[in-house]
Every structure is written in C-alpha cells, then in structure tokens.
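These are my notes on one chain, taken in the order in which I looked things up. I began with the overall make-up and then went through helix pairs and single residues.

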Amino acid sequence: MAFGDYYTRTEILSLIEREIITFFLLAAQGDTSTQMKAHAKAIFLQGLNKEKLIALINANIALIGYPRSLNATTAVIEASK
C-alpha cells in the first residue's frame, strides 16, 4: 500500500487527529520548524485554533521537553500570522 492509502483512512483517526500526531512527532524530533508550521496551518484549517494548539503543547512539555516546546510554540505563532 502507498502512503496515501494510510493517510486517507478516516475510520480510525480523523484528519485533525493525524495532523496533531504528526505535529507532535515533528516537535519531538527537533529542528523541524518548517514542517511544524505547515502542519500547524493544516491543523488550523481543520478547526483547531492557535490557543488550543499551544495548550496542547504546554500539556506535553514533560514528553517533548521544554526547549522543543518553545520551538513548537514559535512555529504555531508563526503559522498563525
């Protein structure tokens, strides 16, 4: 199966859930600000606002670390402009 086949399956995860997971995997890797901005914009298009996405980042500081949380927050702020 091709990547698109997995990404378009909506019976398990919705598109916004997939985008949020992708955003946090990128945040945890570090040095992915360009990709995080793109996925933050996709999350906004799905209906989640900047404040809620930043709240999700804050809730995950213990998992991805403080420095990467700051990078993720910066990417969200830049994506919302």
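**Entry 1: overall make-up.** I counted the secondary structure first and got six helices and zero strands. Read from the N terminus, the order of elements is α-α-α-α-α-α. I note here that the model is predicted. The chain has 81 residues, and 28% of them count as buried. I also looked at contacts between residues at least 6 apart in sequence: 51% of these join residues at least 24 apart.

**Entry 2: α2 against α3.** Two packed helices are described by the angle between their axes and the distance between the axes. I therefore looked up both values for each pair. For α2 and α3 the angle is about 160° and the axes are 9 Å apart. Angles over 145 degrees count as roughly antiparallel, so α2 and α3 are roughly antiparallel to each other. I recorded their crossing as left-handed.

I then listed the residues in this contact. From α2 they are I16, E19, I20, T22, F23, L26 and A27, and from α3 they are Q35, M36, H39, A40, A42 and I43. Sorted by type, the residues of this contact give nine nonpolar, three polar and one charged.

**Entry 3: the loop between α2 and α3.** I looked at D31, which sits in the loop between these two helices. Its phi is near 55°, a positive value in a residue other than glycine. Is D31 buried or exposed? Its relative accessibility is 80%, so D31 counts as exposed.

**Entry 4: α2 against α4.** Next I took helix α2 (residues 15–29) with helix α4 (residues 50–59), which pack at an angle of about 50° with their axes 12 Å apart. That angle makes α2 oblique to α4. The crossing of this pair is right-handed. On the α2 side the contact is made by I20, F23 and F24, and on the α4 side by L53, L56 and I57. The division by type is six nonpolar, no polar and no charged. I noted that I20 and F23 of α2 are also listed in the contact with α3.

**Entry 5: α3 against α6.** Here the angle is about 55° and the axes are 8 Å apart. This makes α3 oblique to α6. I recorded a right-handed crossing for α3 and α6. The contact residues are S33, M36, K37, A40, K41 and F44 in α3, with N71, A72, A75, V76, E78 and A79 in α6. By type they come to seven nonpolar, two polar and three charged. M36 and A40 of α3 also appear in the list for α2 and α3.

**Entry 6: charged pairs.** Side chains of opposite charge can pair when their charged atoms come close. How many salt bridges does the count give? The count comes to one salt bridge. It joins the side chains of E78 and K37, with an N to O distance of 2.8 Å. E78 belongs to helix α6 (residues 66–79) and K37 to helix α3 (residues 33–45), so the pair ties together parts that are 41 residues apart in sequence. I checked the accessibility of both partners. E78 has 36% relative accessibility and counts as partly exposed. K37 is partly exposed as well, with a relative accessible area of 26%.

**Entry 7: T73.** I stayed with helix α6, where T73 is found. Is T73 buried or exposed? At 17% relative accessibility, T73 counts as buried, because the cut-off for buried is under 20%. Which residues does T73 contact, leaving aside its neighbours within four places in sequence? T73 is in contact with I54 and I57. I57 is one of the α4 residues in the contact with α2.

**Entry 8: G65.** My last lookup was G65, in the loop between α5 (61–64) and α6. G65 has a relative accessible area of 23% and is partly exposed. I then took the distance from G65 to A27. These residues are 38 apart along the chain, and their C-alpha atoms are separated by 9.4 Å. A27 is one of the α2 residues that meet α3.

Key:
Residues are numbered from 1 along each chain as its sequence is written. This is a predicted model: local features need pLDDT of at least 70, side-chain atom pairs count only at pLDDT 80 or more; totals for chains, interfaces and linings use all residues. Side-chain values use heavy atoms; hydrogens and water are left out. Axes are lines fitted to C-alpha atoms, for helices over the stretch in contact, and angles run from 0 to 180 degrees between N-to-C directions. Helices (H or I, at least four residues) and strands (E, at least two) are DSSP runs, numbered from the N terminus. Angles under 35 degrees count as roughly parallel, over 145 as roughly antiparallel, 65 to 115 as roughly perpendicular and the rest as oblique. A crossing is left-handed if the near helix is turned anticlockwise from the far one by less than a right angle, and right-handed if clockwise. Contact means heavy atoms within 4.5 Å. Ala, Val, Leu, Ile, Met, Phe, Trp, Tyr, Cys and Pro count as nonpolar, Asp, Glu, Lys and Arg as charged, and the others, Gly among them, as polar. A salt bridge is a side-chain nitrogen of Lys or Arg within 4 Å of a carboxyl oxygen of Asp or Glu. Buried means under 20% relative accessible area, exposed over 50%, partly exposed in between (1.4 Å probe, protein chains only).
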